[in-house]
Amino acid sequence: MAIGVFAYQGERAAASDWLPVIRYLNHALPDHHFRLDQYDAAGLRQAIGENRVDLVITNPGYYVTMEVEFGISRIATLDTEDSHPARALGSVVLARADQPRLQYLSDLAGKRVAAVAPEAFGGYLVAAREMLGQGVDPESDLKEVHFVGLPMSRIIEAVQRGDVDAGIVRACLPEQMVSQGAIRLEDFRILSRHQDADFPCALSTRLYPNWPIAVTRQTDPVLAKAVARALLAMPVSGGMSWAVPADYQPVQDLFRELRIGPYAYLREITPEGLIRRFWPWLLGLLAILTGWIIHTVRVEHQVYRRTAELRESLAARDQAEAKMRESQEQMEHLSRLSVLGELSGNLAHELNQPLTTIGTYARTVLRRQEIGNLTPEAISEASTEIAKEAERAGGIVQRIRHFARKRLATREPVSLPEIADEARRLIVGMLARAPEVIIENRLTSSCQVLADGAQIQQVFLNLIKNAIDANRDLPIERQNLRILIEPLDKRVAVHVIDQGVGLDAGQLPHLFEPFFTTKPDGLGLGLPICKTIIEAHGGRLWAEPNQDAQGMCFSFSLPCHELSA
C-alpha cells in the first residue's frame with residue numbers, strides 16, 4: 001500500500017521524518033504492507049491523478065487543493081507535543097534589526113521580500129494573506145519577490161546579507177537556528193510580532209491546522225477505517241502522534257482571499273467567473289433594478305402630471321425674486337442718499353473751505369499785480385495752492401458722485417483695507433471737525449474677498465457714521481474710532497469700535513430690525529440694509545458691547561479667498 005508524502009525538504013528528510021509512521025502501520029496492520037513514496041508538488045499531484053498512491057501526507061495548502069481536484073479525504077491530523085493540531089502552522093516575516101522603518105507587515109509596500117516558492121504554504125501563502133489584510137498586495141505592492149527555494153535558511157541568509165529587505169519563513173525556524181548557533185535573534189526583527197498561548201514560537205501570522213493524512217478515492221473504505229483507527233491509537237514517536245481530523249476551513253478562507261487553488265476562478269474576468277463570484281450581488285442588483293423600474297414608471301406618471309404646475313410655480317418665483325432684487329437695489333440707493341442728506345450741511349462747509357482758499361489766492365495775485373510787486377515766485381506759490389485746493393474739492397465731489405451713483409451689483413476680488421480707507425476719506429472729507437479714524441490691517445497680502453465694492457463701502461460708511469454719531473457729545477479724546485481688519489477661521493472679520501455711551505441690553509435684540517432706531521432723526525433702515533448686504537455675500541453682521549472699554553463694537557465677516565501668486 002503506497003503512501004505518497006510531500007517531500008518539501010528532500011527525500012532523505014522525508015524518509016527520516018515519516019519512517020516511524022510507516023513502521024508503526026506495518027506493525028499495527030500486519031496483513032498489509034505500507035511503503036513510503038516521496039514526491040515534489042507536481043509529482044504528488046500526478047501520482048494521485050494516476051491512482052498510484054492510496055494514502056497522502058501533505059501540508060494543509062496542498063491538501064485543500066487536491067481535496068477539491070481529486071476528492072481525497074483526511075482521516076487524521078498530525079499532532080506534535082508543542083502545539084495543538086488545529087493551531088500548529090504559521091509564518092514569521094524577518095527583517096534586519098537595523099531597519100527601524102520595518103515594524104509591521106504594512107511597512108513592506110515597495111520593499112524586496114524573499115520566500116520559498118509561490119505555492120509554498122508556510123513559506124509564502126500564509127504571510128501573503130496577512131499582508132493583504134494589512135493593505136499590501138503581494139503581487140502589486142511589493143517591489144519584488146525573490147523565490148529562493150529550499151532550504152529556508154537561504155531566506156534568512158539573504159536578509160542577513162541585505163539582498164532583500166525581509167524574508168518569509170515558517171514559524172519556529174528562527175528559534176531552531178538560534179539553538180543551533182547559526183544566527184543571533186537580536187540581529188533580526190519579526191514584523192507584526194505577536195505570541196499565541198497554544199504555540200511556543202513568535203509569529204507574524206495567524207495559525208493553521210497541521211499536516212493531514214488523507215485517503216484517495218480508490219482506497220478500500222474498510223482499510224481506510226483500519227488505518228485511521230491505528231493512527232489514532234499510535235503512541236507518541238519522535239515527538240509526534242495523530243489526532244482526529246482538524247477543521248481546514250481557515251485554509252479554505254486563505255485560498256479564497258488570495259484567489260488561488262480552488263478559488264482561482266475568482267481571477268477570471270469571464271461571464272461565468274463573474275457569476276460564480278458575484279451571484280449574490282447580481283441577484284440583489286436584479287431585485288433592486290426591478291423595483292427601480294416599477295418605481296420609475298410610477299414616478300414618471302406623477303412627474304408628467306405635475307410638470308405644468310411646477311413650471312408655473314418656477315415662473316412665479318423668478319418674477320418675485322426679480323421684484324425683490326429691484327426693491328433691494330432701490331433701498332440701498334435710498335440708504336446712500338439718506339446718508340448724504342444727513343451730511344449735506346457738513347459737506348457744504350467742507351467744500352466752502354477749498355473754494356474760499358482759491359478765491360483768496362486769486363485776489364491776492366490781482367492786488368499784487370495792481371501795485372506792481374507780483375513776482376514769479378508769488379505766482380508759482382499761488383497757482384500751486386489754487387490747484388491743490390481745486391483737486392481737494394474735486395476729490396470730495398467725485399467720491400460723493402461715485403458713492404451716490406445707482407449701479408448694478410457686481411462681484412469681484414476687492415481689498416477690504418482699501419475700501420475702508422476710501423470710506424474713511426469720504427466721510428471725514430464731509431465733516432467740519434472729523435474725529436481720527438484709525439485703520440488697523442492684520443490681513444495677509446493674499447487674503448481678499450469676492451464682493452461688490454460699492455455695497456461693502458456702503459456698509460463701512462453706515463457703521464463709521466453711526467460710530468461718529470455715538471461719540472459726538474463725548475470729550476475729544478473719546479471721539480476717535482478704530483477699524484480692525486483681521487483673519488478669522490478662513491474668513492475676514494471687520495470690527496468698527498467706538499468709545500460711545502453704548503446701548504441698553506433691551507435695545508440689542510432689535511438693533512437690526514427695520515425702522516428701529518436710537519436716533520431722534522433716524523429712519524431705522526441703515527443697519528437692516530447693511531445686514532442684508534453682508535448676508536447676501538455669505539457673511540454675518542453682529543454687534544456687542546466692548547469687553548475692555550466703553551462703547552460698542554459692530555462687526556461683520558466675509559469669506560476669505562486665498563489668491564494664487
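Contact here means heavy atoms within 4.5 Å. Helices (H or I, at least four residues) and strands (E, at least two) are DSSP runs, numbered from the N terminus.

The model is predicted: local features need pLDDT of at least 70, side-chain atom pairs count only at pLDDT 80 or more, and totals for chains, interfaces and linings use all residues. Residues are numbered from 1 along each chain as its sequence is written, and side-chain values use heavy atoms, with hydrogens and water left out.

**Exercise 1. Find the residues through which H3 meets H8, then describe how the two helices are arranged.**

Step 1. Start with the residues: Pro60, Gly61, Val64, Thr65 and Glu67 of H3 meet Val251, Gln252 and Phe255 of H8.

Step 2. Sort them by class (Ala, Val, Leu, Ile, Met, Phe, Trp, Tyr, Cys and Pro are nonpolar; Asp, Glu, Lys and Arg are charged; the others, Gly among them, are polar). This H3 and H8 contact has four nonpolar, three polar and one charged residues.

Step 3. Now take the axes, which are lines fitted to C-alpha atoms, for helices over the stretch in contact, with angles from 0 to 180 degrees between N-to-C directions. Those of H3 (residues 60-70) and H8 (residues 249-258) come within 10 Å and cross at roughly 80°.

Step 4. Name the arrangement (under 35 degrees is roughly parallel, over 145 roughly antiparallel, 65 to 115 roughly perpendicular, the rest oblique). H3 and H8 are therefore roughly perpendicular to each other.

**Exercise 2. Work out how H4 packs on H8.**

Step 1. H4 (residues 121-133) packs with H8 at an angle of about 65°, and their axes are 10 Å apart. That makes H4 roughly perpendicular to H8.

Step 2. On the H4 side, the contact is made by Phe121, Leu125, Val126, Ala128, Arg129 and Leu132. H8 brings Pro250, Val251, Asp253, Leu254, Phe255, Glu257 and Leu258.

Step 3. By class, the residues of this H4 and H8 contact divide into ten nonpolar, no polar and three charged.

**Exercise 3. Trace the six-strand sheet from edge to edge.**

Step 1. The sheet is open, with the order S2-S1-S3-S10-S4-S11 and mixed pairing (two strands pair if DSSP finds at least two bridges between them).

Step 2. S2 (35-39) and S11 (240-243) stand at the edges, each with a single partner strand, so one side of each is left without a neighbour in the sheet.

Step 3. Look inside the sheet: S4 (residues 73-80) and S10 (residues 212-215) run antiparallel and are joined by four bridges. Arg74 has Ala214 in S10 as its bridge partner.

Step 4. Add the helix: H1 (residues 11-28) lies across S1 (2-6), S2, S3 (55-57), S4 and S11, and runs at about 155° to S2.

**Exercise 4. Classify the ring pair of Tyr124 and Phe147.**

Step 1. Rings of Phe, Tyr and Trp (its six-membered ring) pair if their centres lie within 6.5 Å; planes under 30 degrees apart count as stacked, over 60 as edge-to-face and the rest as tilted. The whole structure has eight aromatic pairs.

Step 2. For Tyr124 and Phe147, the ring centres are 5.2 Å apart and the planes stand at 80°, so the pair is edge-to-face.

Step 3. Tyr124 is in H4 and Phe147 in S7 (residues 144-147), so the pair ties together parts 23 residues apart in sequence.

**Exercise 5. Spot the backbone exceptions in the loops.**

Step 1. Recall that most residues other than glycine have a negative phi, and most peptide bonds are trans.

Step 2. The peptide bond from Leu150 to Pro151 is cis, with omega near 0°; Pro151 sits in the loop between S7 and H5 (153-161).

Step 3. Asn51 has a positive phi, near 60°, in the loop between H2 (41-49) and S3.
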